[in-house]
Each structure stands twice: as structure tokens, then as C-alpha cells.
Amino acid sequence: MRALWLLCVAGSMSVLGCSSAEKASPKKADALIEAKVRQLMAKMTLEEKVGQMTQITLESFAKSGQDGYLVLDPEKLRDGIVNHHIGSILNCGGQARTPENWQEMIAQMQDVATKQTRLGIPILYGIDSIHGTNYVLGATIFPQNIAMAATGNVGLMEKAAEITAMETRAVGIPWNFNPVLDLARQPMWPRVFETFGEDAYIASVMGAAYIRAQQGDDLTRSDKVATCMKHYLGYSMPRSGRDRTPAYIPDRELREHYVKPFAAAVRAGTVTCMVNSSEINGVPVHSSEFYLTDLLRGELGFEGFVVSDWADIENLHTREKVAKDRREAVRMAVLAGVDMSMVPYDYSFYDTLVELVRDGEVPMSRIDQAVADILRVKFRLGLFDKPYPNKNLLGNVGLETSRKVNLQAAQEAITLLKNEPKTLPLAKSARVLVTGPTANLLSVLNSGWTLTWQGDNEALYPQEKYTILEAIRAKIGEDNVTYVNSVTFDEEKDIAGAVAAAQNVDAIVACIGEPAYCETPGNIDDLTMSEPQLKLVEELATTGKPIVLVLVEGRPRVIRTIVDDVQAILTAYCPGMEGGQAVADVLFGDVNPSGRLPYTYPRFAAGFTTYDHKPSEETRENPFHPQWPFGHGLSYTSLVYRALQADRSELRPGQTVAVTVEVINTGDIAAKETVQLYLSDLVASVTPAVRQLKRFEKVDVPAGQTRTVRFELGWDDLAFIGRDNVPVVEPGQFKISVGELSVLLTVPEFAK
Ligand code: BGC
């Protein structure tokens, strides 16, 4: 039998090659905070403790104000905070608010919490600032995470995350329910755009960068927030493709992919964790001590607190049917490891948990543990010293410097999928027909979690921002642009009009894709692009005019039947508030596209296969032929790789190998290039992936110049989850590849 290089015990194994010493340990870090937590808890009653574990939505404390806008109801607020001792509030009450309004509301809540309760414990307010501070009017609203992954630019992700933290905290909110670390390996899932794509490594790197940027070293800072890694674990792989339906994931696959971004997030020091609403292998995650305690805390070393997702403790009884009643559901979830319940509307969780503790069914020690973990975060955020929003920070929302970062992010995300024969960039003197349902809407550029939950209320969008059509008009002049409202997402309007208008132009820009949506309302039955949109492109193709297809979509909708009808295709994903401008910049050559697909773009609406599939999924009889592969993305210039070298040909435990490669811009346009390094384990005791992304770096390569990129791989990078479900490195050969180049690395046989 071949000898194995077994890695260190599972608990200390680092999934990304970082040592466990790097892990932030909030619990042990600050003795002063520990003492404060202990002192405060010594004074707390059972009710006050359970209140800290209770999170209620803003709507429950509100009444209709002017124009239906919700305002706080002091009586309801008092009932929640004083009578039920609740410790946390979330959400936006239906729609985005002004920064001033947020500050006033948070101040009102903190007034009640700190002045009218016995112990004065401040409220921990939480919000989904998931692509910028998306519930604050005038704030910077970035591309969705999927587009941030496409940029390949970790520094840009950091800047965007910093700005989001600064703006969120500026309005008085110290807790952000992001990053989403689910993996988009099931393209039908309506939350694909919230993720960093299908690859665990990209999600780990982008997620960890996001967390570090938002939390910094000091959570008391007025520009930092607590992050919340979510939705732990396996949420993104519903067999049906529908949100909140069962996943079936073998333990090995779970650890090989889905656990890794969460492990990286724990190492980056995230202080909270939100749970997967659904189930893995028949076990709702909210009820699982294995996932929430043994794996999360025991193996991954998480030391923050765990919050449920929306109503998901109650759902153990009402939807999942693993609990016979509410009482059993609450006991199950709390004993499994849920520290805070996003109830979200009433005091049922609070009442039930108080009863369970009184009846001896939930031990006080479990309550104490949960409350200590919650209070620790409140102390670390400095909320006891500074519970109120600071008016001087209002100016931090919507800065021009932030808008520039946002524009750069959208520009770098846009991914050129096809360009034959060099149809793009279009000349600025060209006469253009612009048509399609994503051409003239801001909502589609932003999608869910923008100003409202679904992001689909076009009337709320800031009128000064450009749709794609408006940006094109501004760039090449109104006279050069014809617009025809040819189809909606599900209805034909005037395809004949578009075809007629095409006769008088040099090129057609057809903008198709998806409307705004998120979560369960975004479920679909078929991944294929909607009929009217396909028909529009087919009919436009009969004109013989060059067609540029612009995709604006949260997930990769199948467009196989029209790919050959068009000359150029780019995807903008959901590029955010500057997306219209960015698309126009790329179409007319002011920006050279540099995005790379963070998922495999499927050719068919079934049989989805990711890039890191098994050898049997890519044979002559069983070809792997997606529409476009993971990592695909063209440029307006030509880039060539040369001189791939590794500084050693053998690797042993503790060693690293340095890999260098030259990238040459042989054209006459400056480029940004994401250099991607893949590894293939050629033979392994568990069928190996054909390749796995191990490193990436985005570099500027001016026209005619060469850049050398250096990567370092360590022992852990060679590991896979073995037959015993623990990470292992086996002797044998590994192929390191960049572009079309590759070198071999050997792990020698090891005598025990
Ligand atoms: C979503 C979470 C979100 C929560 C609070 C839930 O429906 O699944 O991602 O953080 O609502 O808004």
C-alpha cells in the first residue's frame, strides 16, 4: 500500500495553508472584556439573559408614519426592550431610510435600552449590508458578491468592504449580515449572486478579505462593523435548485468544498455566524449539534455567537417537522448551538426558552454560554461606552471617493465572453440600437437587497444614476442611439419595431437577463433565458447587423440557442449602481474588460458540472463542454503566458514551492489580467478533481510589457479530504498549471 502523508489532526489542519496561530481568539484576547462580561452576567436574571438571545424585526416596533413610511412606536419599543429585555433588532422596515432617519431610530432604541432598563445593556442592531449599505438612501451600492469575485481583485474587495463598514456604522448600525460564503455550485439557486461563485478558494480569499476589512483590529472604531459569515453550512446546494429546500452532501464533499470558506472566515476572526435555513442529508442545520457545535466550534474553532436565520427555530416545528411543537423546536436549536433567535416578530422564543430553563430542560450553563458570547461582541464593539450614533459621521455616507471605487469594481467585474471578429469595442461614432429588458432599468443592475428586500422597486432608485441606455446616450450622444422597448422579461412588446430600427444602425446592443429578485421569490423552473428574450435576439440576427449581447443576470441563464447569432457577449452580472456606466465604458473601449467567470457557465439547463469535476466527467464519451468554462474572460488585447517555473520539483512537509510565470501583453492596449494557478493531483486514493484553483492575482500589464507573477504553494495546498474524511497528502505527481503551461511537482514516497 502506498504510504500517506497524513496531515495534522483535523482540528489544527488549516484549509487554506495558514497556520492556526494566525487565528484571532476573541475570547482570550481581552481580559478586561471577560471581566466585564462576568460582572454583568452575575447581575442578570434568567429573563434578562434570554432577552439577550432574542432578536426581533424593526416592523414589530413600528407603526405607519407619513406616506406609509414606518416610524417607531414608543409603546411597542418599551414592551420589547424593557418588558422582554430583548437584545437585538434587525432589518429596515420595508425600505431604505435616510442616514439621519437611521440615526434617529437607533438613538431612540438605545435611549430605551440604556436609560429605561435595569442594567442598561445596549441594543445590537443588525442589517444586511450585503453589497454596500443597501438600506441607506444615498449610500454606495456596490456590485453583488458574484461580480466582486469576477474582478479577481482582492484589494478592491477590501476597499469596497471598508466603505460598506464605514457607511453602515456611520448611520449607527454596528453589525452586518455578510459575507455570504455559500458556494454557487447549483446555478438555479436564486442566491447565486450573493456568493463569490462556485470555487471554495475564491470564496475563502474574498470572504476573509471582506471580514478583515470590515472588522479591522478594533471593532470600537467608528468605521468598523461586526461581520456575520453565512449561511453555515451547505445552504447553496439544494437538489431541486429551489431556495430553502434539502441538500444532500456527503461528508467528504462537504469538507472538500463547503466548509473551507467558513474555516477561512473563522481564521479571519468573524465574530458571528448565521445558520443555513435548510437541511443537509435530512438534518435541519438549526437542529444539529454536530454542525453547530462539534464542527463549528470544536473543529473550526469559532468563538463568536450563532444567530438563527429568519424564523428558522419555529420552522423546525412548522416546516421541517423535526420538532413536535414550538417547545421542542426551541430546546433542540438552543441545545444544538443557536445562541440568538431571529424570531423575528414576537416573544414566543423568549417565553418558551424561559419556561424550558425553569423546567430544567435547558441547563442554565447553556444560556450563560450563549449570553456571554453575545455580550462579548457588544463589549468588543464598544456599544456600552458609545451606544449612540454620531452625527459627525453622517458625511461618511456616499462620498465621491467611494463612488469611484464602486465604478472601478463594476468595470473590473464585467466579463467578455465572446468577441468575434473583434466586434468590440464599438466606435464612439457608431449608430447603435439599444434594446432588451435590462437596458433601461436600475433595479436589474442591482437586484435583491437594494433599497428593498427584492430590489425591484424602480421608483426608489436614484435618478442621477445611469441605466445602460442612459450611459450609452451620454457617451456617444443621443442622436447616435435608438431605443426600442422590444420585450419585457416575459412578454413580447415590439420585436418588429426593434428589427425595423436595426436597419438604420451600425450595431445592436441587446441587453437581456433577469429582473431583480432574491431568496425564494427568485426560484425558477428552468435555467434557460426567457422565451421573449431569446426570440428578440433571434429576430434581430436576421438583420445581419452585428449584435452585442449584454447579460445582466444574477445567475447564468442558458443562452445556447442564440450564442452563434451574436458577434460579442459580455456579462455584467449584477454590477451595482455604477453598472450602467461601467457597461458603456467597456462597450466603447474606455475600459478594457478584465473580469473572469467565477462559475462554469452551463450550456444546457440540466446536468450541471463544476470546473473541479472528476476525471470521469470529462472523457471522449462523456465530454465536458460548458458554454464557457470557469475562469473564462477575454480582453481587448492579447495576453500570452511564458516561462512557468517552479523552484523545486519535489515537495516535503513544511516546505513551500515558489512558482513564477511571465505574462506578456502583446497588443497595444493596457490590460489588467487575473493570473490563475491550478493544481491537479494526478493519482489519488479518492478520485481527484481534474484541477483546482490554488492561487490568483490580478496584475496591471501595460501594452507591450511583461510582468512576472510569483506564487507560493505549501504542503496543505496539496491536500484533499481522504477516504477517512480527514485531509491527507499522498505521494505522487501533481501538475501545476497557468494558462496552457504546466510543470510537474513530485511528493516522494514516505517510509513510516
Ligand atoms: C436571509 C438572510 C438574512 C436574513 C435577515 C433571511 O431571509 O436568509 O440572509 O440575513 O433574512 O434579513
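Student: How do the residues of the shell around the ligand divide into nonpolar, polar and charged?

Tutor: This is a predicted model, in which local features need pLDDT of at least 70 and side-chain atom pairs count only at pLDDT 80 or more, while totals for chains, interfaces and linings use all residues. Residues are numbered from 1 along each chain as its sequence is written, and side-chain values use heavy atoms, with hydrogens and water left out. Ala, Val, Leu, Ile, Met, Phe, Trp, Tyr, Cys and Pro count as nonpolar, Asp, Glu, Lys and Arg as charged, and the others, Gly among them, as polar. On that basis the shell divides into six nonpolar, one polar and six charged residues.

Student: Which residues that surround the ligand are the closest?

Tutor: A residue is near the ligand if one of its heavy atoms lies within 4 Å of it. Of the 13 residues that surround the ligand, the closest are D128, R191, H231, R244 and D309.

Student: How far is an oxygen atom of the ligand from an N or O atom in the side chain of D309?

Tutor: A polar contact here is a pair of N or O atoms within 3.5 Å. For H231 the distance from a side-chain N or O atom to a ligand oxygen is 2.6 Å, and for a polar side-chain atom of R244 it is 2.7 Å. For the side chain of D309 the distance is 2.5 Å.

Student: What separates the centres of domain 1 and domain 2?

Tutor: By an automatic or database domain assignment, domain 1 covers 29–396 and domain 2 covers 414–617. Taken over C-alpha atoms, their centres are separated by 34 Å.

Notes. A polar contact is a pair of N or O atoms within 3.5 Å; within protein, one must be able to donate a hydrogen and the other to accept it, and residues adjacent in sequence count only if both atoms are side-chain atoms.
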